[in-house]
Amino acid sequence: LDVRPTTSKALLGLMNHLHTRLIWDQTSVLDLFAGTGSLGQACLDRGARHLTQVDFHPEAIRHLQGLEKCHPSGKSRVIALDLLKDQRSPLPLTLFGGQPFGLILADPPYGDPRQEGLVERIIDGGLLATGGLLVIEHAVTYRRFSLRLQANHELTYGLTRFCIFER
């Protein structure tokens, strides 16, 4: 796959942080821009109730569908969707099954200007459950993924930063 996977150090740090904040077997996870699937798979490995992985690239979709076969039926699903196509509109909950998620992970392409306002598109679309966490992975130099909301917490590992928003 031609993607930029999350480094193992950053992944472990994020999962350790989330482990203190979530009850995994009660948490449905939405992994946006899933790529290799490492973030979402780490959540399943920790006992997440359900995982929905979204990507647009055919090679990533094939890879994610292969990973899906490793889990019990109904535990995960893969959606092919261009999340950056209409960057001005909220992402509607109906596209993702109609139920809000307790954890949303988003690892958009670093530096792509179409991700501007992504946090608002997720929040305004009703994707994040009350009490849920939204984690945006980005380069430490990029800050325009949210235009009006401030992250509640930030984790930095080398050149990778996770901004965590709470609802």
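Select Cys-43 to begin: this residue is buried, with a relative accessible area of 0%, where buried means under 20% relative accessible area, exposed over 50% and partly exposed in between, for a 1.4 Å probe and protein chains only. The model is a predicted one, in which local features need pLDDT of at least 70, side-chain atom pairs count only at pLDDT 80 or more, and totals for chains, interfaces and linings use all residues. Residues are numbered from 1 along each chain as its sequence is written, and side-chain values use heavy atoms, with hydrogens and water left out.

Stay with the cysteines for a moment. The structure holds zero disulfides, a disulfide being a pair of cysteine sulfur atoms within 2.5 Å. Cys-43 is in no disulfide, and the nearest cysteine sulfur to its own, that of Cys-70, is 16 Å away. Select Cys-163 next: this residue is in no disulfide either, the nearest cysteine sulfur being that of Cys-43, 17 Å away, and Cys-163 is buried, with a relative accessible area of 1%.

Now show the sheet. Seven strands form an open sheet in the order β3-β2-β1-β4-β5-β7-β6, with mixed pairing; two strands pair if DSSP finds at least two bridges between them, and the elements themselves are DSSP runs numbered from the N terminus, helices being H or I of at least four residues and strands E of at least two. The edge strands are β3 and β6, each of which pairs on one side only. Neighbouring strands of this sheet are turned by 15° against each other on average, direction ignored; axes are lines fitted to C-alpha atoms, for helices over the stretch in contact, and angles run from 0 to 180 degrees between N-to-C directions.

Select β1 (residues 28-32), which pairs with β2 in the parallel sense over five bridges; in β2, Leu-51 is the bridge partner of Val-29. Helix α2 (residues 38-45) packs on the sheet, touching β1, β2, β3, β4 (101-106) and β5, and its direction makes about 175° with that of β2. Helix α3 also packs on the sheet, where it touches β2 and β3, with a direction at about 170° to that of β3.

Select α3 (residues 58-68) on its own, and pick out Ala-60, Ile-61 and Leu-64, which are buried. Seen down the axis of α3, its buried residues fall within an arc of 100°, so they line one face of the helix; the arc is that of the directions from the helix axis to the C-beta atoms. These buried residues pack against β2 (50-55) and β3 (76-80), while the face turned away from the buried side carries the exposed residues Pro-58 and Arg-62.

Move to strand β7 (residues 160-166), where six of the seven residues are buried, so the strand is largely enclosed by the rest of the structure. Strand β5 (residues 128-139) pairs with β7 in the antiparallel sense over seven bridges, and Ile-136 stands opposite Cys-163 in β7. Five bridges join β6 (residues 153-157) to β7, and these two strands run antiparallel. They form a hairpin with two residues between them, and Gly-158 in the turn has a positive phi of about 65°.

Finish at Val-140, in the loop between β5 and β6. Val-140 is partly exposed, with a relative accessible area of 23%. Leaving aside its neighbours within four places in sequence, Val-140 is in contact with Thr-156, Gly-158, Leu-159, Thr-160 and Arg-161, contact meaning heavy atoms within 4.5 Å.
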